[in-house]
Amino acid sequence: MPSMPIRVAMISSECEPWAKTGGLADVVDALARALEVVDGAAIDGRVDVFLPRYRGVPEPDPARIERTTVLRVPDPMTPSGNSSVTVIDVAADGYRLRLVDHPAAFDRDGYYGDAAGDYPDNAWRFGLFCRTALEALRADGRALDVLHLHDWHTGPAAIYRDERYADDPIIGGAAILITLHNLAYHGWTPRSAVRQLGLAPGDGVVPLKADGIDLLLAGIERAELVNTVSPGFAAEALTPEFGMGLDGALRAKGDRFLGILNGLDTTVWDPAADADIAAPFSAEDRTGKAACRADLLDTLGFDARDEGPVIGMIGRLDPQKGFDLLAGASPTLLERGVRLVVQGSGPASLADPFRVLAEAHPRKIAFIERFDRVMARKIYAGADFFAMPSRFEPCGQGQMIALRYGTPPIVHRVGGLADTVIDEVATPGGGTGFTFSDGSVAGLLAACAAAVAMRDRGGPVWESLLDRGMAVDFDWVTGSAPRYVAAYGRAMDIRRATA
């Protein structure tokens, strides 16, 4: 770990509980909090987390607002070349949240787009966001050591550090670590829109004859260090199959590209203290889990007296997540006496099969077409198994939560799922769940059959499986956060050596 205190600022388009569409928000919040308490981390003060003040961001408690600053920020889309942007500093739980408030950019229905698709001025919106974060850091007057970027929305910050602030005493020497949470989204900005970023073809950033600029690629190329959120996915991302067109750039980083497994906030996800489930339970005493199961089934209108297995699945309805595999497996699972509870929302092509199944079998399949935080907790605590048949998965959090709640996961053995779930079939007496390598309906059905068979046998073998799963330590403070601190130190060394 670095020997001297280091100043760290994160820039992210999401942060729980302020703005969330997926796991990115959970990671940014949990990591920022964990960094404050990691032993020997030597973080200089609190971590700064910059976040757009979207329309849906909750109003900060006035008592927690530390400062409100109005900055003149370079803005290529205004006649004057500048815009007034407000930065609201809020004392969050263990870090300083810095809300970037510019209604023209962020006071909209969606974070990234609406029913018509992505906003056509996203390059301007997130370019202005990044530029404001850098100007706010400059206004603080304290040299920055590490700029921790997250996903494509923050790629402009890497460009601006090199092209606009190279000689700046606050920003110019900062090392960049960029974390790739989802390689599927690049922030592609076509040639006609690069002016939104203050760039132009032939300016040394955008090649003269280029069709546009890939903002995620720009961040990768300019960062001192790049990581994704599990070692397994880091290896997969180097291949054309999983690299989403970035595998060449990632291979070019060599040992400056790595995987750091995401953690789990064990204070947020704790079945012994979860107020939203029917009864508390722990690895030492799982008595309350039976009450949680009965409560879930009663809530869904299922027969709580039926001992048949219940498989839960939660997530956004996206082809990546493999919901179509579960839908395809459902008729066979029903024949085998399995009941299903699925929570998620998304396109009709993925939702319709579950609607049809739930209407045809209302006592056997429940489809909750929304994100319901309380119901999600009931599913984690009350289901017998938790399915994650993802086609690819940079890390995943659902399987970690399920393990902590004594609900063995059934997962496709890819990326972070392979890193976090040990297959009981392949490792008898040492597993924590069930995995399958063939990403197909048949593969999922085979894993489900093995899981159900072990539950049906019960006894010490089943109880030991639950014991092992609940004992796995994914805590941010003891696992992932120290690895990020080490990565910050390495990024700083690289920056100093190449400056």
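The dialogue below goes through a predicted model feature by feature.

Biologist: Before we start, what should I keep in mind about the model and its numbering?

Modeller: Residues are numbered from 1 along each chain as its sequence is written, and, the model being predicted, local features need pLDDT of at least 70 and side-chain atom pairs count only at pLDDT 80 or more, while totals for chains, interfaces and linings use all residues. Side-chain values use heavy atoms, with hydrogens and water left out.

Biologist: How are strands and their pairing defined, and what is the strand order of the open sheet?

Modeller: Helices (H or I, at least four residues) and strands (E, at least two) are DSSP runs numbered from the N terminus, and two strands pair if DSSP finds at least two bridges between them. Here an open sheet of nine strands runs in the order β3-β4-β5-β2-β1-β8-β9-β12-β13, with mixed pairing. Its edge strands, each paired on one side only, are β3 (65-74) and β13 (257-259). Direction ignored, neighbouring strands of this sheet are turned by 25° against each other on average. Within the sheet, β1 (residues 8-11) and β2 (residues 48-52) pair in the parallel sense over three bridges, and M10 has V49 of β2 as its bridge partner.

Biologist: Which helix packs on this sheet, and which strands does that helix touch?

Modeller: Contact means heavy atoms within 4.5 Å, and axes are lines fitted to C-alpha atoms, for helices over the stretch in contact, with angles running from 0 to 180 degrees between N-to-C directions. Helix α16 (residues 476-498) packs on the sheet and touches β1, β8 (146-150), β9 (175-180) and β12 (225-228), its direction making about 135° with that of β9.

Biologist: How does the span of α16 compare with the expected one, and what is found at the start of this helix?

Modeller: The expected span of a helix is 1.5 Å times one less than its number of residues. With 23 residues, α16 reaches 31 Å from its first C-alpha to its last, close to the 33 Å expected. At the start of α16, a side-chain oxygen of D475 comes to within 2.7 Å of the backbone nitrogen of V477. For polar contacts in general, the criterion is a pair of N or O atoms within 3.5 Å; within protein, one must be able to donate a hydrogen and the other to accept it, and residues adjacent in sequence count only if both atoms are side-chain atoms.

Biologist: What makes a nonpolar core, and which residues have the most contacts inside the largest one?

Modeller: In soluble globular proteins, nonpolar side chains tend to be buried together. Buried means under 20% relative accessible area, exposed over 50%, and partly exposed in between (1.4 Å probe, protein chains only), and a nonpolar core is a set of buried Ala, Val, Leu, Ile, Met, Phe, Trp, Tyr and Cys residues joined through side-chain atoms within 4.5 Å. The largest core has 136 residues, and those with the most contacts inside it are L147, I213 and Y488. Its largest share, ten residues, comes from helix α3 (residues 122-140). Neighbours within four places in sequence aside, I213 is in contact with residues including I159, W188, V194 and L197. A second, separate core of 35 residues includes I311, L340, F367 and L444.

Biologist: Where does F367 lie, and how are the faces of that strand covered?

Modeller: F367 belongs to β16 (residues 365-368), where I365 and F367 on one side and A366 and I368 on the other are all buried. Strand β15 (residues 339-343) pairs with β16 in the parallel sense over four bridges, and V341 stands opposite A366.

Biologist: Why does T435 count as buried, and what does T435 touch?

Modeller: T435, in strand β19 (residues 434-436), counts as buried because its relative accessibility is 9%. Leaving aside neighbours within four places in sequence, T435 is in contact with V411, R413, V421, D423 and A447, and a polar contact of 2.5 Å joins the side chains of T435 and R413.

Biologist: Which backbone details deserve a look, at P17, D151 and M244?

Modeller: A cis peptide bond, with omega about 5°, joins E16 and P17, and P17 is in the loop between β1 and α1 (23-37). D151 has a positive phi near 65°, in a residue other than glycine; D151 lies in the loop between β8 and α4 (155-163) and, at 6% relative accessibility, counts as buried. M244, with phi near 55°, is found in the loop between α6 (231-236) and α7 (247-253), and at 29% relative accessibility M244 counts as partly exposed.
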